[in-house]
Amino acid sequence: RVARLDMHEAILQVALSDGVVHSAEREFLSSFAQQYDITDEEHDAALRHLGWTREQWEAGAQEAQLGGANYIKNAIPELLKQAGVKSRLVAAKDLVGEDGEFRGHPDEHPPR
């Protein structure tokens, strides 16, 4: 019984090693857990032992990793604008002022 938990945690450690959980890793571990009768409680205990929470597992990344992704996601519209690329992302960003006020419909304010 302990060997299956050790094997589960070893596989989990590999999946978590880059700070991101990919869908294929999650699917594999889900199948493994089913095959070897790993309970949610045992899975959560292994996550905690490896420094992760259930929420991070479900989100697919730890907060530090998510912060970087959010920074990049938020930077994309400005980078597109600087490059002169017309896109809905740029148009949508232009509709909200720095004060957070909505400026209107995209058709009223075409991308610059």
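**Exercise 1. A pair within one helix**

Task: Work out how Arg54 and Glu58 are placed relative to each other, and what joins them.

Solution.
Step 1. Arg54 and Glu58 are both part of helix α4, 4 residues apart, which is about one turn of the helix.
Step 2. Now look at the ends of the two side chains in this predicted model. They form a salt bridge, with 3.8 Å between the closest N and O atoms.
Step 3. Check the surroundings of each partner. Glu58 has a relative accessible area of 53%, and because exposed means over 50%, Glu58 is exposed. Arg54 has a relative accessibility of 24%, so Arg54 counts as partly exposed.

**Exercise 2. Following Arg54 further**

Task: Find which other residue forms a salt bridge with Arg54, and which helices that pair ties together.

Solution.
Step 1. The partner is Asp44, and the closest N and O atoms of this salt bridge are 2.7 Å apart.
Step 2. Arg54 lies in helix α4 (residues 54-59) and Asp44 in helix α3, so this pair ties together parts that are 10 residues apart in sequence.
Step 3. Put the links together: a network of salt bridges connects Asp40, Asp44, Arg54 and Glu58.

**Exercise 3. A salt bridge between α1 and α3**

Task: How many salt bridges does the whole structure hold? Then examine the one between Arg4 and Glu42.

Solution.
Step 1. A search of the whole structure gives 4 salt bridges.
Step 2. In one of these, the side chains of Arg4 and Glu42 meet at 3.1 Å, N to O.
Step 3. Arg4 belongs to helix α1 and Glu42 to helix α3, so the pair ties together parts that are 38 residues apart in sequence.
Step 4. Are these two residues buried or exposed? Arg4 has a relative accessible area of 11%, so Arg4 is buried. Glu42, at 16% relative accessibility, also counts as buried.

**Exercise 4. How α1 meets α2**

Task: Describe the packing of helix α1 against helix α2 by the distance and angle of their axes, then list the residues that make the contact.

Solution.
Step 1. Two packed helices are described by the angle between their axes and the distance between the axes.
Step 2. For α1 (residues 2-16) and α2 (residues 23-35), the axes come within 11 Å and cross at roughly 175°.
Step 3. Angles over 145 degrees count as roughly antiparallel, and therefore α1 and α2 are roughly antiparallel to each other.
Step 4. On the α1 side, the contact is made by Arg4, Met7, His8, Ile11, Leu12 and Ala15, and on the α2 side by Glu25, Phe28, Leu29 and Phe32.
Step 5. Sort these residues by type: 7 are nonpolar, 1 is polar and 2 are charged.

**Exercise 5. Two histidines and a tryptophan**

Task: Decide whether His8, His43 and Trp57 are buried or exposed, and find what each one touches beyond its neighbours within four places in sequence.

Solution.
Step 1. Begin with His8, which sits in helix α1. With a relative accessible area of 1%, His8 is buried. Outside its sequence neighbourhood of four places, His8 is in contact with Leu29, Phe32, Ile38, His43 and Ala46.
Step 2. Move on to His43, found in helix α3 (residues 40-49). His43 counts as buried because its relative accessibility is 8%, and buried means under 20%. With neighbours within four places left aside, its contacts are His8, Leu12, Ile38, Arg54 and Trp57.
Step 3. Trp57 is in helix α4 and, at 5% relative accessibility, counts as buried. Beyond four places in sequence, Trp57 is in contact with residues including Leu12, Leu16, Val21, Arg26 and His43.
Step 4. Try a distance as well: the C-alpha atoms of Trp57 and Gly19 are 9.8 Å apart, with their positions 38 residues apart along the chain.

**Exercise 6. A positive phi**

Task: Where does Asp37 lie, and what is notable about its phi?

Solution.
Step 1. Asp37 is in the loop between α2 and α3.
Step 2. Most residues other than glycine have a negative phi. Asp37 has a phi near 55°, a positive value in a residue other than glycine.
Step 3. At 57% relative accessibility, Asp37 counts as exposed.

**Exercise 7. The whole chain**

Task: Summarise the protein chain by its secondary structure and its burial.

Solution.
Step 1. The protein chain has 6 helices and 0 strands, in the order α-α-α-α-α-α along the sequence.
Step 2. Of its 112 residues, 25% count as buried.
Step 3. The accessible surface is about 7900 Å², and carbon and sulfur atoms make up 54% of that surface.

Conventions
Residues are numbered from 1 along each chain as its sequence is written. This is a predicted model: local features need pLDDT of at least 70, side-chain atom pairs count only at pLDDT 80 or more; totals for chains, interfaces and linings use all residues. Side-chain values use heavy atoms; hydrogens and water are left out. Helices (H or I, at least four residues) and strands (E, at least two) are DSSP runs, numbered from the N terminus. Buried means under 20% relative accessible area, exposed over 50%, partly exposed in between (1.4 Å probe, protein chains only). Contact means heavy atoms within 4.5 Å. Axes are lines fitted to C-alpha atoms, for helices over the stretch in contact, and angles run from 0 to 180 degrees between N-to-C directions. Angles under 35 degrees count as roughly parallel, over 145 as roughly antiparallel, 65 to 115 as roughly perpendicular and the rest as oblique. Ala, Val, Leu, Ile, Met, Phe, Trp, Tyr, Cys and Pro count as nonpolar, Asp, Glu, Lys and Arg as charged, and the others, Gly among them, as polar. Accessible areas come from the Shrake-Rupley method with a 1.4 Å probe; for residues, only the protein chains shown count as cover.
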